Amino acid sequence: MTRTNWPLVVLIFVVGLLAAAQFGKIALTLPEMAEAFGRPLTQIAPLVSLVGVMGLVLGAMAGGLAAGFGPGRTFLAGLVLSGVASLVQATMPGFWFFAAMRVIEGLAHLALVVAGPPLMAAAASDRDRPLVMGLWAAFFGASLAISAQIFPVILAAGGLPLLFGLNGAALLVLAVPLWGMVPRIPRSPVPLNPWATHRAIYSRLRTVAPGLGFFPYTFLFIALIAVLPDALGRPGLATTLPLITLATTLAGGALCHRFAPHTVAAMGFAGTAFGMLGALASVPFAVELGFAAMGLIPGASFAAIPALNSDAGDRTRATGAIAQLGNFGTVTGTPVFAALWVFGGPSMVLWMAFAACLLGLGLGLWSGIRASGTPPEDVIHVR
C-alpha cells in the first residue's frame, strides 16, 4: 500500500482499546463485582483471568483459524460477539452465567487481538508500518490508563450495568463503519487439527520469532507492576510505571524505521536489565528508567510481524503465537514474582527480573537474526 489508510487504522486501534477494557472492566471493579454477586474477592478474581486463559489455550488455534477465514472476517466476528457478550453482562445475570459469558468474551477478545495487527499492517504504507504497529502495541496500556480515569465516573452514574452496557454498545457501534472498511481476503482451508495448526506456526521461525521476545516481556510487565510498588515501599509506582511504558511503546515502533525490530527489542531488554541492576544498587529512578526501556519491547515485537512475514496468513499466524506466548507470560509472571517477594524479599524479585531480561535479550536476538536470514518457506526441523 502506497498510502496509509489512517481512518481504518484509528478505528481498529479504538476497538483495541475497548478489547483491552474487557480485562479492565473486571480488574478495576473487583470490589463492586464482589458486592454485586455477594461473593468474596477470591471468587471474583478468576473472572479477570478467564479472558487470558482463552488466549493461552487457544492463541495458536485462533491464529490458524484467522489465517483460514481471513483476518477481516475474524475481526468483525470478534467485534460483534464482544459487543453482544458485554450487553448480556450488563443485565447482571447469575454468577455462573456471567462466568460463561466471560468465556465467550475471551474467545471474542482473542479474535480481535489476533486479527487486529495484520489488518493494521495491511492498512499501512511501508514507511508508516513500524509506527502503526507501535501504535497497536500501546493499546493495552493506553486502555488501562484511560479506564482508570473514566470508570469511577461511569460507576457513579449507573454502576456496573452502565459500564458493561457502554462497552458493548461502543463495540457494536464501531462495527457499523468497519463492516464496509475492513477488507476480506479469499478464504483458504481452515485448519481444525490442533497439532497441524501449532506446527504451522511453531515450525517456522518467521512466525514464532515475534512471540519469543514477547513472552519475557509479558512475564515481567504486569507482574512487576503488581509486586514492585509494595516490595520497594513505593506505592506511587503502580500508576507511574504504566504511563512510562505507554510513552515509550510508540517510540519502539518508530525506532524500527532505522533499526531491525529484534535490535530495538534487544535495546529494550538490555535497558530493563540495567534498570533492575540499578534498583538493586539503590540508584535513584532506576526502576523508572528500566520501565522506559521496557516500553520499547512490545512496539518492536509487533513491528516484527510484518517485517518478517509478507503474507497475510503468516502475519495472522505470527499474531496467534504472540497471543499464546504473551498470555503464557501474563498468567505465569505474577504468581512467580509474588512467591519470590514473599519468600526471598525485594532483591529476589529484582534478580529474577534481571534474569528474565537476559532470556528475552538472548531469545530476541537469536530468533530475529536467524529469521531475517532465512527464506519465508524455511522451517525449523525438530527431531
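Which helix is the place of F302? I'll come back to that residue at point 5, but the short reply is helix 14, residues 296-308. Here are my notes, going from the whole chain down to single residues.

1. Overall fold. Keep in mind that this is a predicted model. Its protein chain is helical throughout as far as assigned elements go, with 16 helices and zero strands. The radius of gyration comes out at 20 Å, close to the 21 Å that the globule rule gives for 383 residues, so the chain is as compact as a globular protein of that length. Along the principal axes, the C-alpha trace spans about 55 × 55 × 40 Å.

2. Packing and surface. Of the 383 residues, 54% count as buried. Take the contacts with a separation of 6 or more: 85% of them join residues 24 or more positions apart. On the outside, the protein chain exposes about 15800 Å², and carbon and sulfur atoms supply 72% of that area. As for charge, there are 18 positive and 11 negative side chains, and the centres of the two sets lie 8 Å apart.

3. The nonpolar cores. The largest nonpolar core has 86 residues, and the ones with the most contacts inside it are L178, L224, F291 and F337. Helix 10, residues 205-231, gives the most to this core, with 16 residues. A second, separate core holds 19 residues, including I44, A90, I154 and L160. The general background is familiar: in soluble globular proteins, nonpolar side chains tend to be buried together.

4. F337 up close. Leaving out residues up to four places away in sequence, F337 touches F219, L220, A223, L224, V227, V349, M352 and A353. One of those partners, L224, is also on the list of residues with the most contacts inside the largest core. If you want a single side chain to centre the view on while looking at that core, F337 is my pick.

5. F302. Back to the opening residue, which sits in helix 14. With a relative accessibility of 6%, F302 counts as buried, because the cut-off for that is under 20%. Beyond residues up to four places away in sequence, F302 touches P117, M133, W136, A137, F214 and I322. For a sense of distance, P194 is 108 residues from F302 along the chain, and their C-alpha atoms are separated by 24 Å.

6. A buried lysine. Is K25 buried or exposed? K25 counts as buried, at 1% relative accessibility. This lysine lies in helix 1, residues 6-27. Its contacts, again not counting residues up to four places away in sequence, are S86, Q89, R102, E105, F151, L163, F164 and N167. That list takes in both a negative residue, E105, and a positive one, R102. I'd look at this spot with the side chains switched on.

7. The loop between helix 12 and helix 13. Which residues here have a positive phi without being glycine? S282 is one of them, with phi near 60 degrees, and F285 is another, at about 60 degrees. S282 is placed in the loop between helix 12 (261-280) and helix 13 (286-294), and F285 lies in that loop too. On accessibility, S282 counts as exposed at 62%, and F285 counts as exposed at 58%. So for F285 we have a phenylalanine that is exposed, since its value is over the 50% cut-off, whereas the phenylalanine of point 5, F302, is buried.

Key: Residues numbered from 1 in each chain as written. Predicted model: local features only at pLDDT ≥ 70, side-chain atom pairs only at ≥ 80, totals over all residues. Heavy atoms only, no water. Helix = DSSP H or I, 4+ residues; strand = E, 2+ residues; numbered from the N terminus. Rg over C-alpha atoms; globule rule 2.2 N^0.38 Å. Buried < 20%, exposed > 50% of the residue type's maximum accessible area, 1.4 Å probe, protein only. Contact = heavy atoms within 4.5 Å. Areas by Shrake-Rupley, 256 points an atom, 1.4 Å probe, with all protein chains shown as cover. Charge placed at Lys NZ, Arg CZ, Asp CG, Glu CD. Core = buried A, V, L, I, M, F, W, Y, C linked by side-chain atoms within 4.5 Å.
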